[in-house]
Amino acid sequence: DWLLQCIQTHKVDALLVSGDIFDIGNPPNYARTLYYEFLRKLLQTCCRHVVITGGNHDSPAMLNAPRELLATMNIHVVGCAQSSIDDEIIELRDHNGQLEAVVAAVPFLRDKDLRFSYTGESGEERTQRLRAGLVQQFKMAGTQVQLYENQQVPLLAMGHLYVKGAYASSKQDNI
């Protein structure tokens, strides 16, 4: 209710939720009911677009199950890494089909999304391979979004991840 009130008060056009919709992979029915009830109420507000990505506590399969149905209501769900990075790029369009914004919607990336395991690899090797996979996935998303630079619309990026020992920087390769 608080979030719905904020959306109305601030006349929010788009809501971006970057993961951890639930706090466990198999949430109880009451939690799912709250989620769908919130989305239903959201449709009655000024918010015209919703982009939801999966987090490390979410079940990708559960989030993705109603994805096609939700997309008809401008609720875009990316529960897990997609086979094509193009499927993580969401175009937000107005009622006339005009492009309003583009979102790179990168969900939480699991080990299996980023690399294949290798027998006998050390913890440091595993960490380096995961880091390289994260950098590659976000660079690919950035490259796809940059294709819209001449469209004169906001280009947004969202991702759900955790990093250890990272710091904010304008350099692209820091993670």
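**Thr45 and helix H2**

In this predicted model, the backbone nitrogen of Cys47 lies 3.1 Å from a polar atom of the Thr45 side chain. The side chain of Thr45 also reaches back to the backbone oxygen of Leu42, at 2.7 Å. Thr45 itself is found in the loop between H2 and S2. With a relative accessibility of 17%, Thr45 counts as buried, because the cut-off for that class is under 20%. Leaving aside residues up to four places away in sequence, Thr45 touches Leu4, Ile7 and Gln8.

Helix H2 is a good place to turn next. It runs over residues 29–42, and at 1.5 Å a residue its 14 residues should span 20 Å; the C-alpha atoms at its ends are 20 Å apart, so the expected and computed values agree.

Which residues of H2 are buried? They are Ala31, Tyr35, Phe38, Leu39 and Leu42. These residues cover an arc of only 95° around the axis, which means that they sit on the same side of H2. The spacing has a simple background: an α-helix has 3.6 residues a turn, so residues three or four places apart point the same way. On the other side of H2, Asn29, Tyr30 and Thr33 are exposed.

The partners of the buried residues of H2 include both helices and strands. Among the helices they pack against are H1 (2–9), H3 (60–64) and H4 (67–71), and the strands are S1 (14–18), S2 (49–53) and S3 (75–78). Leu42 thus appears in two settings: it is one of the buried residues of H2, and its backbone oxygen is reached by the side chain of Thr45.

Key: Residues are numbered from 1 along each chain as its sequence is written. This is a predicted model: local features need pLDDT of at least 70, side-chain atom pairs count only at pLDDT 80 or more; totals for chains, interfaces and linings use all residues. Side-chain values use heavy atoms; hydrogens and water are left out. Helices (H or I, at least four residues) and strands (E, at least two) are DSSP runs, numbered from the N terminus. The expected span of a helix is 1.5 Å times one less than its number of residues. Buried means under 20% relative accessible area, exposed over 50%, partly exposed in between (1.4 Å probe, protein chains only). The arc is that of the directions from the helix axis to the C-beta atoms. Contact means heavy atoms within 4.5 Å. A polar contact is a pair of N or O atoms within 3.5 Å; within protein, one must be able to donate a hydrogen and the other to accept it, and residues adjacent in sequence count only if both atoms are side-chain atoms.
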